[in-house]
Amino acid sequence: MIKLYNSLAREKQIFEPIDPHHVRVYACGPTVYNYAHIGNARMAVVFDLLVRVLREIYPEVTYASNITDIDDKIMEAACETGDKIENITRKYEKIYNDDMASLGVLAPDVQPRATDHIPEMIRLMERLIARGHAYAAEGHVLFHVPSDPSYGALSGRSRDEQIAGARVDVAPFKKDPADFVLWKPSTGDQPGWDSPWGYGRPGWHIECSAMAEKHLGLPFDIHGGGADLKFPHHENEIAQSCCAHGHETRPEEFARYWVHNGFLTVEGEKMSKSLGNFKTAHELLERHKGEVLRLCLLSAHYRQPLDWSEALLEQNRKALDKFYDPLLRSEKFATVHVPEKDWKIYPPVFDALCDDLNTPLAISKMHELSKQSWRTDLSDDEIYDTKALLLGTGKLLGILQAKNKEDWFEARVTRSGEISRDDIDALVAKRQEAKKAKDFATADAIRKDLDEKGIVIEDTPQGPQWKWK
Ligand code: AMP
Ligand code: ZN
């Protein structure tokens, strides 16, 4: 049994799947025109973990997460770089998927691209027009918000707030200021498709309604995304999908449970491209192992803000060192082979995850398990069982994947190559010698070389000390 906080009901509820044989989950994926920052990655890691937990309980789980590959921001990126839209979107889609894989995110079962679903979007818009929920005007198609009696059910926004929050300017052809765009005209070399309303392209919200319906069927179980998507994006998805199918008064007929993750912050402020306070997952992966970044992202409860800092990275690297210690450095443990079929999940960790994905509690239970492994009185059977639990629980959390001591403790795996702690110590010693010999050119060259590898040397009264940047 799993409990989830359902944003639509505004309470924690026992999750009851529509079909216990097959659970269906959708989470809004990235717009691919640039590197994702580590805040964007929080959603991917959180929903990956949720899906892993669901898979332990239910025989079949389908997880769909889309790629938005048509959007004004992508068009701007194409203008700025002079590159073709398709080149940009394919490039960043691949980088996103590679980076998420480094964070231990398993590929979604379906990763639909918006541009492959234009006919489905057109059909949905036709249904909305036929049912009096949308209208065409000057090459646009707009959803008529006052036609939807349930509009605002998810976000709880009043009508005034809805109007203030509607991103688009109040165009003269809008019947109501809260109406939002489903389709807009494309001109000149803007990308577009033929439609009953002329050459144009879809708005963002209609994409997800069309793709979720096609790949999961309606209603489906869980819809997720970042908390900022509640309004307008998710509110609009509900409006489109429910009104197109005659469920005007039943928002739960699109998705039953709405799960939203909180923001990653930096010194209390939301990490965002516009504030410039972001670090991309890609650049962090050059200096830190994916497992460390993953554990950082899971260290706070998914609904709470999580402040990103050097201290957070250090704390989670140390936590992983502790979890790996018995597995890779204890003679007793390292020599016992436990085949994957015997791996088991430590029940207190699983129980914590089943309670609305309580990862801070799950991680503290993982520490408890790892401590048990240091008991000196463990029998051979107990060693076997403890190792089976560490490996099985690690697999569920998406950590403890390194196979040997060298991979974890000695090597620092970076995109620019591998450098071990011993290599670094040797270079630092060489620099000291060069300094003593007043060969400052060599000393500086070594410092520069290490700096490029992400290592800084600090000269202290106790001698030089190095650390990862
Ligand atoms: P954006 O690039 O702002 O459109 O965001 C893309 C996705 O990342 C959306 O699902 C947002 O909810 C999510 N997101 C953006 N910034 C953050 C953040 N600081 N923390 C967590 N999620 C974020
Ligand atoms: Zn969406």
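Leaving aside its neighbours within four places in sequence, which residues is glutamate 237 in contact with? The answer is Cys28, His205, Cys208, Ser209, His223, Phe254 and Trp258. Keep in mind that you're looking at a predicted model. Here's a quick tour, starting with the whole chain and then zooming in on a few spots.

**The whole chain**
- The protein chain has 469 residues, and 53% of them are buried.
- If you count its building blocks, you get 17 helices and 17 strands.
- Its C-alpha trace spans about 80 × 60 × 35 Å along the principal axes.
- Take the contacts with a separation of 6 or more: 74% of them come from residues 24 or more positions apart.
- The chain's accessible surface adds up to about 21,200 Å², and carbon and sulfur atoms own 49% of that.

**The nonpolar cores**
- In general, nonpolar side chains tend to be buried together in soluble globular proteins.
- Here, the largest nonpolar core holds 75 residues, and the ones touching the most other members are Ile38, Leu54, Leu103 and Trp308.
- Helix α1 is the top contributor to this core, giving 12 residues.
- Isoleucine 38 has plenty of partners beyond four places away in sequence, including Leu103, Leu264, Met271, Ala281, Leu284 and Trp308.
- There's also a second, separate core of 41 residues, with Met121, Val141, Leu154 and Phe231 among them.

**Around ligand 1**
- The residues around ligand 1 include His37, Gly39, Asn40, Lys73, Asp228, Phe263 and Lys270.
- Sort that whole shell by type and you get four nonpolar, five polar and three charged residues.
- Three backbone spots sit by nitrogen atoms of the ligand. For leucine 264, a backbone N or O atom is 2.7 Å from a nitrogen atom of ligand 1.
- For methionine 271, a polar backbone atom is 2.8 Å from a ligand 1 nitrogen.
- For glycine 39, a backbone N or O atom lies 3.2 Å from a nitrogen of ligand 1.
- On its own, ligand 1 would expose 480 Å², but the protein buries 81% of that.

**Two charged residues on the inside**
- Glutamate 237 belongs to helix α7, which covers residues 230-244.
- Glutamate 237 counts as buried because its relative accessible area is 0%, and the cut-off for buried is under 20%.
- The side chain of glutamate 237 also makes a polar contact, at 2.7 Å, with the side chain of histidine 233.
- Aspartate 48 sits in helix α1, residues 38-57.
- Aspartate 48 has a relative accessible area of 3%, so this residue is buried too.
- Setting aside residues up to four places away in sequence, aspartate 48 touches Gly104, Val105, Leu106 and Arg294.

**One residue on the outside**
- Where is histidine 337 found? Look in the loop between α11 (331-334) and α12 (347-354).
- Is histidine 337 buried or exposed? Histidine 337 is exposed, because its relative accessible area is 63% and anything over 50% gets that label.
- Histidine 337 and aspartate 377 are 40 residues apart along the chain, and their C-alpha atoms are separated by 19 Å.

How values were computed:
Residues numbered from 1 in each chain as written. Chains lettered and ligands numbered in written order. Predicted model: local features only at pLDDT ≥ 70, side-chain atom pairs only at ≥ 80, totals over all residues. Heavy atoms only, no water. Near = heavy atom within 4 Å. Polar contact = N/O pair within 3.5 Å; in protein donor to acceptor, adjacent residues only side chain to side chain. Areas by Shrake-Rupley, 256 points an atom, 1.4 Å probe, with all protein chains shown as cover. Nonpolar A, V, L, I, M, F, W, Y, C, P; charged D, E, K, R; others polar. Helix = DSSP H or I, 4+ residues; strand = E, 2+ residues; numbered from the N terminus. Buried < 20%, exposed > 50% of the residue type's maximum accessible area, 1.4 Å probe, protein only. Contact = heavy atoms within 4.5 Å. Core = buried A, V, L, I, M, F, W, Y, C linked by side-chain atoms within 4.5 Å.
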